[in-house]
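Welcome! Please take a look at the structure below and keep it in view as you read, since each part of this report points to something you can find there.

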Amino acid sequence: MLCHYSTEKLLGLKEVIVKNVRQLPQKPHLCPCCGHKTSNIHDYRWQTVKNIPAFGKHTVLIFRKRRYRCPSCGKRFFEENSFLPRYYRITNRFAAYIISKLTDVRSFTSVARESNLSVSTVIRIFDCIDYGKPRQLPAVVSIDEFKGNTGREKYQCILTDPLQPSAYRIFQPA
Ligand SMILES: [Zn+2]
């Protein structure tokens, strides 16, 4: 049970009483190896995950992650949950927060410093953005090249809709 002091530190609100704390529900998982459905918990591991800043301070979540054991093939695997993508050490909300920061004209280094992340992590989040295909091409297209830092080719090409500057695409040369 959280004491008042912890509540105040967690929420940044004095005189707030937390009435309920919910545990992540346990649900059956499919074995990634053989597809067998199981609810057998093998053990737990503590994991530290960076989360969206709260009240201007960097925050981390420390949670007990369940590890399941498949009764059919013996494979052990971690549970999936809605807030933490597989192989990531930051929450979905924090990744979305970083992407929103990248919509401003800022450097990766600046966003990384402000978010207490490494530059490579910020770039990896940026690379996960899926722009999809446009439904229709704009009436006017502006094309330019710039010296990039992707580590693959020296120059990248940028296509923009000059009538709508926020919509842009960056293409790697083949
Ligand atoms: Zn299995």
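## A hairpin to begin with

Strand β4 and strand β5 (residues 76-78) run antiparallel to each other, and three bridges join them. This is a predicted model, so every position you look up here comes from a prediction. To find one place where the two strands meet, look for R69, which stands opposite R76 in β5.

How many residues lie between β4 and β5 in their hairpin? There are six, and G74 in this turn has a positive phi of about 85 degrees.

## A second hairpin

Now move to the other partner of β4. Strands β3 and β4 are also antiparallel, and their pairing extends over 11 bridges. Two of the facing pairs are easy to look up: Q47 stands opposite F63 in β4, and D43 has R67 in β4 as its bridge partner.

β3 and β4 form a hairpin too, with two residues between them. F55 sits in this loop, between β3 (41-54) and β4 (57-69). Its phi is near 55 degrees, which is a positive value in a residue other than glycine. Is F55 buried or exposed? F55 counts as exposed because it has 10 C-beta neighbours inside 10 Å, and the cut-off for exposed is 12 or fewer.

## Putting the sheet together

The two hairpins share β4, and together they give an open sheet of three strands in the order β3-β4-β5, with antiparallel pairing. The edge strands are β3 and β5, as each of them pairs on one side only. From one strand to the next, the twist averages 25 degrees. As background, strands of a sheet pair through backbone hydrogen bonds, either parallel or antiparallel.

## A helix with two sides

Next, turn to helix α2, which covers residues 92-101. Which residues of this helix are buried? They are F94, A95 and I98. These three lie on the same side of α2 because they cover an arc of only 100 degrees around the axis. On the other side of the helix, R93, A96 and S100 are exposed.

A general rule is handy here: an α-helix has 3.6 residues a turn, so residues three or four places apart point the same way. And what do the buried residues of α2 pack against? Their neighbours are β3, α3 (108-115) and α4 (119-127).

## The nonpolar core

The buried residues of α2 turn up again in the largest nonpolar core, which has eight residues: I90, F94, A95, I98, V111, L117, V122 and I125. Both α2 and α4 supply at least two residues of this core, and α2 gives the most, with three.

I90 is a good residue to follow on screen. Leaving out residues up to four places away in sequence, I90 touches V49, K50 and A95.

## A loop between two helices

Look next at the loop between α3 and α4, where you will find N116. N116 is not a glycine, yet its phi is positive, at about 60 degrees. How exposed is N116? N116 counts as partly exposed because 13 other C-beta atoms lie within 10 Å, and this class lies between the cut-offs of 12 or fewer for exposed and 20 or more for buried.

## The whole chain

Stepping back, the chain has four helices and eight strands. Starting at the N terminus, the elements run α-β-β-β-β-β-α-α-α-β-β-β. Of the 174 residues in the chain, 8% are buried. Among contacts between residues at least 6 apart in sequence, 38% join residues at least 24 apart.

## How confident is the prediction?

The average pLDDT of the chain is 83, and 87% of the residues score at least 70. Where is confidence highest, and where is it lowest? It is highest in strand β2 (residues 37-38), at 95, and lowest in strand β8 (residues 168-171), at a mean of 47.

Please keep one stretch in mind as you look around: over residues 167-174, pLDDT stays under 50. For these residues, the model has 15 contacts beyond four places in sequence.

How values were computed. Residues are numbered from 1 along each chain as its sequence is written. This is a predicted model: local features need pLDDT of at least 70, side-chain atom pairs count only at pLDDT 80 or more; totals for chains, interfaces and linings use all residues. The arc is that of the directions from the helix axis to the C-beta atoms. Two residues are in contact if their C-beta atoms, placed from the backbone, lie within 7 Å. A nonpolar core is a set of buried Ala, Val, Leu, Ile, Met, Phe, Trp, Tyr and Cys residues joined through C-beta atoms within 7 Å. Two strands pair if DSSP finds at least two bridges between them. pLDDT is the predictor's confidence in each residue, from 0 to 100. Axes are lines fitted to C-alpha atoms, for helices over the stretch in contact, and angles run from 0 to 180 degrees between N-to-C directions.
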